[in-house]
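Me: Please go through the structure shown below with me, one question at a time. I would like each reply to end on the value or name requested.

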Amino acid sequence: MAIDTEGEEKLLKKRRVKRSRTVIQGITRTSLRRLARRGGVKFVSAAMYERARAQLHSFLERVLGKAIALAEHSRRRRISSLDITRALEQLGQPLYGFVDAGFSEAEKEQEQKGRKIHK
């Protein structure tokens, strides 16, 4: 049997070649400009977009790394919103408006004192 290279070439030409790019490039220039406007910036430099993406990438790596460690420590496979809020607190950037919904005030005090909570 002979290999039909002509047919394969036609098939490859019809297929769309997928460009390889990182996920962080999905954050568009307009969305970064919108965030800058919300922060009070009037003019945005062209070099700012790549710097902002790099900063966002490093911030997400730090937060998600802490959140994954918290989830693994409690032997869970899913990251909860509580893991994210605790990771942000550990990094010194608390997320206001989120309270530990899973604990009562007495349980929070016991946890802070280092006692185990038995339910």
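**Salt bridges, burial and a surface patch**

Reply: At 7% relative accessibility, R53 counts as buried. The model under discussion is a predicted one.

Me: Which residue meets the side chain of R53 in a salt bridge?

Reply: R53 lies in helix α3, and its partner lies in that helix too, three residues apart, about one turn of the helix. The N to O distance of the salt bridge is 2.8 Å. The partner is partly exposed, with a relative accessible area of 45%. The residue that meets R53 is E50.

Me: How many salt bridges does the structure hold?

Reply: One of them joins the side chains of E50 and R53. Another joins the side chains of D83 and R76, at 2.9 Å from N to O. The number of salt bridges held by the structure is two.

Me: Is D83 buried or exposed?

Reply: The side chain of D83 meets that of R76 in a salt bridge. R76 counts as partly exposed, since its relative accessibility is 34%. For D83 the relative accessibility is 4%, and the limit for burial is under 20%, so D83 is classed as buried.

Me: How far is the backbone oxygen of L82 from a polar atom of the side chain of T85?

Reply: T85 is found in helix α4. Its relative accessibility is 8%, so T85 counts as buried. Leaving aside residues up to four places away in sequence, T85 touches L95 and F98. The separation between the backbone oxygen of L82 and the polar side-chain atom of T85 is 2.8 Å.

Me: What is the area of the nonpolar surface patch made by L60, L64, I68 and I79?

Reply: I79 has its place in the loop between α3 (48-73) and α4 (81-90). A patch residue needs over 30% relative accessible area, and I79 has 40%, so I79 passes this cut-off. Together with L60, L64 and I68, I79 makes a nonpolar surface patch of about 310 Å².

Me: How far apart in space are S80 and I68, C-alpha to C-alpha?

Reply: S80 lies in the loop between α3 and α4. S80 counts as partly exposed because its relative accessibility is 28%. In sequence, S80 and I68 are 12 residues apart. From C-alpha to C-alpha, their separation in space is 9.6 Å.

How values were computed:
Residues numbered from 1 in each chain as written. Predicted model: local features only at pLDDT ≥ 70, side-chain atom pairs only at ≥ 80, totals over all residues. Heavy atoms only, no water. Patch = residues over 30% accessible without salt bridge, like charges linked within 9 Å, V, L, I, M, F, W, Y side chains within 5 Å. Areas by Shrake-Rupley, 256 points an atom, 1.4 Å probe, with all protein chains shown as cover. Salt bridge = Lys/Arg side-chain N within 4 Å of Asp/Glu carboxyl O. Helix = DSSP H or I, 4+ residues; strand = E, 2+ residues; numbered from the N terminus. Buried < 20%, exposed > 50% of the residue type's maximum accessible area, 1.4 Å probe, protein only. Polar contact = N/O pair within 3.5 Å; in protein donor to acceptor, adjacent residues only side chain to side chain. Contact = heavy atoms within 4.5 Å.
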